[in-house]
Amino acid sequence: MFLLVIAFGCKSNKTVSVTKTVDTLIKYDRVESLIRKMTLEEKVGQMNLYNGFYDLTGPAPSDGDAAQKYDNIKDGLVGGMLNIRGVDQVRQMQKLAVDNSRLGIPMIFGYDVIHGYKTQSPIPLAESASWDMKAIKKSAAMASREAAASGLNWTFAPMVDISRDPRWGRVMEGAGEDPYLGSMIAKARVEGFQGDDLSDPLTLAACAKHFAGYGFSEGGRDYNSTDISGTTLHNIVMPPFKAAVDAGVATFMNGFNDLNGVPVNASSYLQRDILKGAWGFEGFVVSDWWSIKQTVTHGQSATEEEASMRCVNAGSDMDMESYYYIKHLPKLVRDGKVDEAKITDAARRILNIKFELGLFDDPYKYCNVDREKAEIGSDRNIADARDMAKRSIVLLQNESGLLPLNRTNKKVAVIGPMVSEKNSPLGSWRLASEDGSAVSLQGGLESYKGVDWSFYQGVKLIDKPAAFIFETYINETDRTGIDEAVEAAKSADLVIMALGEHGFQSGEARSRTKLGLPGLQQELLEAVHAVNENIVLVLFNGRPLTLPWAKDNIPTILEAWQLGNESGNAIADVIMGEYNPSGKLPMTFPRSVGQIPSYYNTKSTGRPDQPSDKDLVFWSHYSDETLDPLYAFGHGLSYTTFEYSNLKADKKENGSIEVSVSVANTGGYDGEEVIQLYIKDLYCSLTRPIKELKGFRKTEIKSGRSKSIKFTLTDKELGYFDNDGKWFVETGEYEIMVGGSSDNVIKVKVDTTPVVVVEGK
Ligand code: NOJ
């Protein structure tokens, strides 16, 4: 390959309209005149974020903090609060700040609005399986409408951490393993949460988190260290964060992890050089819960003062719950250890966002009881949640065409601990939801008449309900329901089994080393299978699971994740064929935990294939497991079938590549397909992945019809970052692959080497 272009990461390309420019000037003027009036302590106060007194999303604060917090709010020493919610609570706390503090600066109110506020949409990983940017944006907008109507103005979402490790419980909160899909989803979510105008009282300021590398926690153990090469950092981890900046995200959150030896919140390289420097991010960076304090436990800072100094110098603008900034920054400035300009810059960034939210015009603009009543749980929001839930379901296999359910299949036994669950399908990170408010699978199916349904738990999944599920809560002993379920299965025409993880087995701090079906569920599945093989397995889970037995023995498997409030209705719609499934996996499902990290965009290695002599073992493989995953990234079936043909890739004079492909719906149902485009840079100065997603289209194709789909690949898709974060585009041969899954593509080659015309010849 020849080197064509070298450039550095470029600034945010967000366009600024004329009105926006005028507004911006007014905002800057108001912020600057306010800043001139502020004391050092008041500026540091803006950098102080307190937890409220009700919900807890981190280690509990020590006793006595509440009184101190009230005093500090009254003294203008608190910039914002998290985990205060509801118009009454927010109004009360805001009043404390506005009425008592010297300058009456309003606070900002943040909350983890991750996949809905009260009305829960599917968990983010599930939504990502829709590959439907319009629907994802709409879902984020719905979450904002409800949360903003409840007094809030800032969400700690989207989490845009790429992860290749399903042991990490927080994969449920992200968009999966791929930087291209992750970037599209980051943009859709930011635009959904923020709308066109932050000052709209039904939108929230978004927060891209956790900058950076948190999804690569070693061994999938939450809060663990991360060690990431330059190429992986810049090509895999960074793109969704950059996409969030380009989409105009208001804030960033850093993380708990140390990255290549530096706690990320103390990293100037990440926060000042890249985020606020090369990318031109103008919002503010909030620390994660206690993460400033944790630079001490990481063993980098020796004292609270050093921790504060390192983090503020590195560009962490706001301290969540460590209380270090408020305690130490004023003195550090007076002692000449921290430049006051850094404090002023952080305060300015925070005040700017408050101005954009309109809080200076009306500190109570998010506190409208009538709006709160009308918006939360509205029919429109429930309908949006159901629509998103249907789009998130993935049909993993359907070998004997058991689905959609033929209503002549009169007798259907529905078995498993998830059958009547109304809590678990809400998933993790759903603080403001009502416990047990999801429509269960039973509820959804019963609304379809004409089928003889019967329902059995089979086995309990957990012994005691709790917000924090530990493995010791999993039922390993009580088998009392198995016989009855097996009996019912014997005489049924079809069995639907509802199995999986509890909603609280994934999420923050829920890392696992075993990814099979927890408890006695595998035993139940095998016992039922022994008497009736006509099984549709419906999976409820917050992460990829390892289910090789099920794949080999169960004809039909439907991935239903944790789909939120409308879970049962959405699954029933798919089972009954009211909706033709169109989801595709955003994350590889490994065959076993030993295959992790499991991801599709691996490198070739120098020995990718088995040598022809069968006796030789000297190639890159495991002796006890195949290399192929259980289900590949991008995999997902439909009730219809799609055929790909006519793939062409042409180099254009401007250096771009035009790709076209025909996709035909060859089955008996209308359906939506996600047409995925992958590239491989065949020979390159640095080793490149065997396949990289660089485009996709989700489109409906009627039965018997076909569509011609076109993509354009430019330098943006063809280039890559080297270990120092420099951008390269090399010319030469590329393989272009298009298909309905990363492991099912047709291919063509194209050469981008410019034709050199030599004078006179
Ligand atoms: C810790 C989590 O890591 C972060 O994502 C969340 O936003 C904060 N707690 C606040 O709840």
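The following exchange examines how several terms apply to this predicted model.

Author: Residues are numbered from 1 along each chain as its sequence is written, and side-chain values use heavy atoms, with hydrogens and water left out. In this predicted model, local features need pLDDT of at least 70 and side-chain atom pairs count only at pLDDT 80 or more, while totals for chains, interfaces and linings use all residues.

Reader: How do you know how many disulfides there are?

Author: A disulfide is a pair of cysteine sulfur atoms within 2.5 Å, and by that rule the count is zero. For C311, the closest cysteine sulfur belongs to C207 and is 16 Å away, which is too far for a bond.

Reader: Why is C311 called buried or exposed?

Author: Buried means under 20% relative accessible area, exposed over 50%, and partly exposed in between, with a 1.4 Å probe and protein chains only. C311 has a relative accessible area of 0% and is therefore buried.

Reader: Which class does S582 fall into, and why?

Author: The relative accessible area of S582 is 2%, so this residue is buried. S582 is found in the loop between α20 (567–575) and β18 (642–651); helices (H or I, at least four residues) and strands (E, at least two) are DSSP runs, numbered from the N terminus.

Reader: What makes the pairs formed by the side chain of S582 with Y579 and K698 polar contacts?

Author: A polar contact is a pair of N or O atoms within 3.5 Å; within protein, one must be able to donate a hydrogen and the other to accept it, and residues adjacent in sequence count only if both atoms are side-chain atoms. The side chain of S582 meets that of Y579 at 3.0 Å and that of K698 at 2.9 Å.

Reader: What are the distances from D112, R170 and H210 to the ligand?

Author: A polar side-chain atom of D112 lies 2.4 Å from a ligand oxygen atom. The corresponding value is 2.6 Å for R170 and 2.7 Å for H210.

Reader: How do you know that β13 and β15 pair?

Author: Two strands pair if DSSP finds at least two bridges between them. Strand β13 (residues 411–415) and strand β15 (residues 494–500) have four bridges, in the parallel sense. V414 has I496 in β15 as its bridge partner.

Reader: What makes β12 and β14 edge strands?

Author: The open sheet of six strands runs in the order β12-β17-β16-β15-β13-β14, with mixed pairing. β12 (394–398) and β14 (452–456) each pair on one side only.
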